[in-house]
Amino acid sequence: MTEPLLKVENLRTHFFTRDGVVRAVDGVSFHVNPGETLAIVGESGSGKSTAALALLRLIADPPGRIAAGRILFEGRDILALREDELREVRGGRIAMIFQDPMMALNPVYTIERQIGEVLALHAGMGREARAKEVVELLRLVGVPAPEERAKQYPHNLSGGMRQRVMVAMALACKPKLLVADEPTTALDVTVQAQVLDLIQSLKDRFGMAVLLITHDLGVVAETAHRVIVMYAGRKVEEGTTAQIFKDPRHPYTQGLLEAAKWEEVEGAMLRE
């Protein structure tokens, strides 16, 4: 059998507050195989985004800390890497699309400069080569008039366009693993579908694995091979997408699916 691309073992991420220790991720284990899409689902506060941030050691310390566990990527423990080794992996081998592109993008730098920084750091490209590659990346993710958009700032773009910029930045170095943390948050339904189709097509084109963090079970049904359900910092259920949707075992999973059905019904009523 193929070795997992990513293997997380007994991950514990704690936040130390005045009121005590918050165990945001409490002993979670999972793996991602090469080329597959694994979805981690759960309500807000379940710990899914914290688990994603821990993969790249992006937990702010203080107040947070990765208290225990191992994160093995291509056989190397990310938690044991030196800072220079971590920079090579972060953005180069593992890339991340964050929830809010307006917050993730720097408002005072042009799109060209922000994507270009990734290319300079990980690919060592010169200024002229970076400028050309940025335009090609924007064209790849479907941004119209990419030469013009590259010179603009985040506030000049719509939410959908900013999310496409985030995808372009994440794919700049053709990573082996793409972590997509709620990539369709705050986007309308049409744009959501476009972004998801884009991620799927680029995944197939570059042979990436995708770790999808979401609370939207409709997105999971369309894109994921396997699903992990998290509740209160713990993994409560895991299985193929078909298993989770057809035969959920845990009451929390059953509740999520039932709530998703009601949301679909309400959405259909509103559209009528």
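The second largest pocket has a lining of 21 residues, and those nearest its centre are Gly91, Met96, Phe98, Val118 and Met169. In this predicted model, the space in that pocket amounts to about 550 Å³. Strand S6 (94-97), helix H4 (111-123) and helix H7 (159-170) each supply at least two residues of the lining. The contribution of H4, 5 residues, is the most given to this pocket.

Enclosed space was also examined. The structure holds 1 cavity of 30 Å³ or more, and about 70 Å³ of space lies in the largest cavity. The residues that line the largest cavity are Thr37, Leu196, Ile199, Gln200, Lys203, Val210, Leu212 and Thr223. Helix H8 (189-206) and strand S8 each supply at least two residues of this lining. With 4 residues, H8 accounts for the largest share of the lining of the largest cavity.

Strand S8 spans residues 209-214, and 6 of its 6 residues are buried, so the strand is largely enclosed by the rest of the structure. Burial applies to both faces of S8: Ala209, Leu211 and Ile213 point one way, Val210, Leu212 and Thr214 point the other way, and all are buried. Val210 and Leu212, from the second of these sets, are among the residues that line the largest cavity.

S8 pairs with strand S3 and with strand S7. Strand S3 (residues 37-41) runs parallel to S8, and the two are joined over 5 bridges. Within this pairing, Leu38 has Leu211 of S8 as its bridge partner. Strand S7 (residues 177-181) is likewise paired with S8 in the parallel sense, over 5 bridges. Here Asp181 stands opposite Ile213 in S8.

Asp181 and Ile213 also take part in the surroundings of Ser49, a residue of helix H1 (residues 48-55). Leaving aside residues up to four places away in sequence, Ser49 touches Gln99, Asp181 and Ile213. The side chains of Ser49 and Asp181 are joined by a polar contact of 2.9 Å. Ser49 has a relative accessibility of 17% and therefore counts as buried, the cut-off being under 20%.

The burial of Ser49 is shared by much of H1. Of the 8 residues in this helix, 7 are buried, so H1 is largely enclosed by the rest of the structure. The buried residues in H1 are Lys48, Ser49, Thr50, Ala51, Ala52, Ala54 and Leu55. Just after the helix, Arg57 adopts a positive phi of about 55 degrees.

H1 lies across strands S1, S2 and S4 (64-73), and the helix runs at about 110 degrees to S1. These strands belong to an open sheet of 4 strands in the order S2-S1-S4-S5, with antiparallel pairing. Strand S2 (20-32) and strand S5 (76-77) stand at the edges with a single partner strand each, so one side of each is left without a neighbour in the sheet. Strand S1 (residues 6-17) pairs with S2 in the antiparallel sense over 10 bridges. In this pairing, Phe16 stands opposite Val21 in S2.

Terms used. Residues are numbered from 1 along each chain as its sequence is written. This is a predicted model: local features need pLDDT of at least 70, side-chain atom pairs count only at pLDDT 80 or more; totals for chains, interfaces and linings use all residues. Side-chain values use heavy atoms; hydrogens and water are left out. Buried means under 20% relative accessible area, exposed over 50%, partly exposed in between (1.4 Å probe, protein chains only). Two strands pair if DSSP finds at least two bridges between them. A polar contact is a pair of N or O atoms within 3.5 Å; within protein, one must be able to donate a hydrogen and the other to accept it, and residues adjacent in sequence count only if both atoms are side-chain atoms. Contact means heavy atoms within 4.5 Å. Axes are lines fitted to C-alpha atoms, for helices over the stretch in contact, and angles run from 0 to 180 degrees between N-to-C directions. On a 1 Å grid over the protein atoms alone, a cavity is a set of points where a 1.4 Å probe fits but cannot get out, and a pocket is an open set with protein on both sides within 12 Å along at least five of seven lines; lining residues have an atom within 4 Å of a point. Grid points are joined across faces, edges and corners, and a volume is the space filled by probe spheres set on the points.
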